Amino acid sequence: MPNRRQFIKASVAGLLGASLFRPTRGHANLTSFELSASNGQFMFGDDQENATQVMFYNQSIPGPVIRIPQGRESIVQLRNSLDEPTSVHWHGLRIDNAMDGVPDLTQPPVMPGQQFEYHLTPPDAGTYWYHSHMRSWAQLALGLAGVLIVEEANPPRVDQDLVFAIDDWRLDREMQMDTESFGSMHDWSHGGRLGNFITINGETEPSFEVASGERVRLRLLNIANARIMNLLFNESGISVVAIDGQPVEAFTPEDGRIVLAPGQRADLIIDMTADPGTRSAIELVIGEYAYEVAGFDYSQQARRAQLLDTPIRLPDNPANKIVLPTEFKRVPLLMQGGAMGGMRGAIFEGRELDIRELVQRQKVWALNGIVGMPAEPLFSVRRGTAVSLDVHNDNNWPHAMHIHGHHFIHDRNPGWWRDTTLFQRGERGAMQFVADNPGKWLIHCHMVEHMAGGMLTWFEVT
Ligand SMILES: [Cu+2]
């Protein structure tokens, strides 16, 4: 995190950032929102001299927090006010394929001036997000992302329900996006585009106002392009109750540390136990340094003397009640390429290319020897088939693998239904799920520069 000190005087916006998004029109059974993607200016700090040129939804960084009910249809009307095509992907939602937001696979790109109506009927409650899936290595880096909450009918009792969406940005000294580095082959072949400026809900070092004795639900999301966020909490009463939106057996994170790869989420329930009037830091660990990125500010008055003892288990979702069979259709998934990966060549657009030719085309990541979107699916199965993706991450980099339209078990953590999982370099493991949602679905690395550099494929459920 170079030059963090330099940014301190530009810190804390307070007024900007995640705002609750209220329905524009409402029927008894239909919630409807308008989401406008545009270019504009955003102040990351309240004494910032020059506003930053960004792309955003509804002129907010991140986009508005959209809250929709579980199991009922909501409509989001996207208006593209950019001067380039876009689309919105609803990360983690098991919805109709036509609403998945992948240009040229599930829908045509939404052209400038056009609109697209997304109909969302999410079967599962939880913490999700939405973001551009068009040139996401640029549009996501410029700000086109927001938080989506699917609300439980009967959530566990908490005093506050807070969002903590962490992102990083690569800014220059004038607080402008470092757009010259877009498409940097170095980034694409290494760990992706890492920023030098951290925000939580679009703010720098925000304070969450809490009181001793409170119970807080904190929805953590990593919405960065590529940075794996290694967070350190200095609270003793933390329980992790959901991973990628799906309820899990509550557990206490070891040493208060929570690691989220790009795209991943975790819901925490925290019993606030520090003394009134104190601050407890939330830190981001990078290498051997810990940087305070946010904090809990305890009010002078405690809320209650005794902590709540009501249940913290989230209600089950259909997604986490799926029973995996013991027999699978097994599909190998070999991940190769990148810097120091030793890949000599791969197939791109049907032709075998050597590594020099691949680098010229910025296609340096291969799945099963193919870089970029294959014409044929990785596999095609009948609805209801259980699939085991047997992964070998055979290169020098970690990758955050994401499957669209489905939740899966990474066999290293049986019991956790997730939509994005991290494979360390050299790691082998299986992503196992029931392919029960008809359509054409992406599988890709959520370090979006790796996806742009070729690490994506797709499958079909018929
Ligand atoms: Cu990757």
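Trainee: Which residue in β18 is the bridge partner of Arg 215?
Mentor: Let's start with the strands, which are DSSP runs of E at least two residues long, numbered from the N terminus. This is a predicted model, in which local features need pLDDT of at least 70, side-chain atom pairs count only at pLDDT 80 or more, and totals for chains, interfaces and linings use all residues. Residues are numbered from 1 along each chain as its sequence is written, and side-chain values use heavy atoms, with hydrogens and water left out. Look in β18 for the residue bridged to Arg 215, and you will find Asp 271.

Trainee: In which sense do β13 and β18 pair, parallel or antiparallel?
Mentor: Two strands pair if DSSP finds at least two bridges between them. β18 covers residues 265-271, and 7 bridges link this strand to β13. The sense of their pairing is antiparallel.

Trainee: And how many bridges join β10 to β13?
Mentor: β10 covers residues 160-169, and the two strands run parallel. One pair to find in your viewer is Phe 164 with its bridge partner in β13, Leu 220. The number of bridges joining β10 to β13 is 7.

Trainee: Why is β13 said to be largely enclosed by the rest of the structure?
Mentor: Here we ask which residues are buried, meaning under 20% relative accessible area (over 50% is exposed and in between is partly exposed, with a 1.4 Å probe and protein chains only). On one side of β13, Arg 215, Arg 217, Arg 219 and Leu 221 are all buried, and on the other side so are Val 216, Leu 218, Leu 220 and Asn 222. The strand, residues 215-222, is largely enclosed because its buried residues number 8 of the 8.

Trainee: Turning to the metal, which residues coordinate the copper ion?
Mentor: We look for donors, which are N, O and S atoms within 2.8 Å of the metal (3.2 Å for Na, K and Ca); water is not among the atoms, so sites may look incomplete. Here the donor atoms are an ND1, an SG and another ND1, at 2.0 to 2.1 Å. In that order, they belong to His 399, Cys 445 and His 450.

Trainee: Are Cys 445 and His 450 buried or exposed?
Mentor: Both residues help to coordinate the copper ion, Cys 445 through SG and His 450 through ND1. Apply the accessibility cut-off to Cys 445 and His 450, and each comes out as buried.

Trainee: What spacing do the donors of the copper ion follow along the chain?
Mentor: Read the coordinating residues in chain order: His 399, then Cys 445, then His 450. Along the chain, these donors follow the spacing H-x45-C-x4-H.

Conventions: Helix = DSSP H or I, 4+ residues; strand = E, 2+ residues; numbered from the N terminus.
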